[in-house]
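Please look through the model below before reading on. The paragraphs that follow begin with a single residue, move to two hairpins, and end with the chain as a whole.

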Amino acid sequence: MKKYVKRRHRFFFWALRPIGYILARKLYFKTKTVKLDKKQNYFILSNHQGYLDPALLALTIKRPIYFVASDALYSKKWYLRLLFYCFGPIKKRKGFADVGCIRRMCKIAREGGTVAVFPEGNRQWNDSMFPIDKSIVKLVRMLKLPLILYNFRGGYGVQPRWGKSIRKGKHVGEINRIVSWEDISAMSDDELYSTIISALKVIDSDSGELYKSDERAEYLERQLFVCPKCGAASTLVSHGNDVVCTDCGLTVNYGEDLHLTSPDPDFKFDKVVDWYEFQQQYVLGYDLETSDVLLSDDSIELYDKTEQKRMLVAQGTLSLTKDALTVGDMRFSTSDISGFSGQDGDKFSFNIGNKSYLVIGPERFNGVKYMLFFNRVCEQIQEQGGDKYYGLYLNPDQR
């Protein structure tokens, strides 16, 4: 059987390290290299704030690291495929329980490699922590390695996922804690899970740091879609540091401290996550009988990304009803959709059987609203009491 850990991974890790420092400078990222036992490999868990987190984390820990990566990256440009050849990340199919991914992680651990996972499974949308499944405890015990708990701080402030521009401010990466295998073995599952959650929780808007830009609010409509004053949907437009409702004129400023302010006394939200939770309640209370079409957007492209090279299969108007998701002339029954998740602000993906699809909209397209409304109309999710991940509710203990 071929080894997964290869010499070329170590070579490219060192040869391309200077590129990591260039990227770090662009993102105002700072870290200190930590010397670890060369004879010991580790399992790394980290919070996830930015697209380049793997490259930045590798500047702290000077050794080849095998990151678990979504299969969405495998279908993109040639330079990404080259990165997979150079570094050997562990492919995980988004939206599916991937036993093969776990087997590859165990194989790397046995071969002496260091494995890294972002257990939230997604980059932050709104400066709140995504729920971490308790199965992470089982994975920690399965790999039988010392555990590194790592923190990114300031990544949401510098480059929020819904945004486009980079803001100037404090952005650091550091090891929060190293837990020995002996200590892991002595912990109960609940104790270990609590240790992971408390160590990985980072909320940038609570830091007091400032993030400077003249385009702080640009593309907030990728995350926000309901006006809290007039209740209109899909009427928010961002420009510079403000987001405005085109129906009622509500104007909200997104500040350097990552907090929201408005001259309108009726506006009560302090943070983006507060506004997002209001949208969750809006969707929960939405009367599905008021209209046949719940959501609709134009200029949409649909790709089949089941294979590594994604293929355009439809384009035109995207619409969601209680019964179906339609793109152009392709229609998918909501009862057949087994997974529905975000990629970036202007994208989302879904699965039908063994098929995986990617929806891409214009640059200000809001895919979040489709995820929330799908969670509302999907009978399987409703039978389970809602979707804790994308958000018809958040776990208050993890905020």
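In which strand is Q315 found? In this predicted model, Q315 belongs to strand β13, which covers residues 311-321. The relative accessible area of Q315 is 51%, and because the threshold for an exposed residue is over 50%, Q315 counts as exposed. When its neighbours within four places in sequence are set aside, Q315 is in contact with I300, E301 and G328. Between Q315 and T326 there are 10.0 Å in space, C-alpha to C-alpha, for a separation of 11 residues in sequence.

One of the contacts of Q315, G328, leads to a hairpin, for this glycine lies in the turn between β14 and β15 and has a positive phi of about 60 degrees. The two strands of this hairpin, β14 at residues 324-327 and β15 at residues 330-333, pair in the antiparallel sense over four bridges, and two residues lie between them. Across the pairing, V327 is placed opposite M330 of β15.

Another hairpin is formed by β8 and β9, with two residues between the strands, and here G240 takes a positive phi near 60 degrees. Strand β9, residues 242-245, runs antiparallel to β8 and is joined to β8 by four bridges, with H239 standing opposite D242 of β9. How do the side chains along β8, residues 236-239, divide between the two faces? They alternate, in that L236 and S238 point to one face and are buried, whereas V237 and H239 point to the other face and are not buried.

These elements belong to a protein chain that holds 12 helices and 18 strands. For its 399 residues, a compact globule would be expected to have a radius of gyration near 21 Å, and the 21 Å of the protein chain agrees with that expectation. Taken along the principal axes, the C-alpha atoms fill a box of roughly 65 × 45 × 45 Å. Of the 399 residues, 54% are buried, and among the contacts with a separation of 6 or more, 65% are made by residues 24 or more positions apart.

Turning to the surface, the accessible area of the protein chain amounts to about 18900 Å², and carbon and sulfur atoms account for 51% of this area. The protein chain carries 58 positive and 48 negative side chains, with the centres of these two sets lying 13 Å apart.

Conventions: Residues numbered from 1 in each chain as written. Predicted model: local features only at pLDDT ≥ 70, side-chain atom pairs only at ≥ 80, totals over all residues. Heavy atoms only, no water. Rg over C-alpha atoms; globule rule 2.2 N^0.38 Å. Buried < 20%, exposed > 50% of the residue type's maximum accessible area, 1.4 Å probe, protein only. Contact = heavy atoms within 4.5 Å. Areas by Shrake-Rupley, 256 points an atom, 1.4 Å probe, with all protein chains shown as cover. Lys, Arg positive; Asp, Glu negative; His and termini not counted. Charge placed at Lys NZ, Arg CZ, Asp CG, Glu CD. Pairing = 2+ DSSP bridges.
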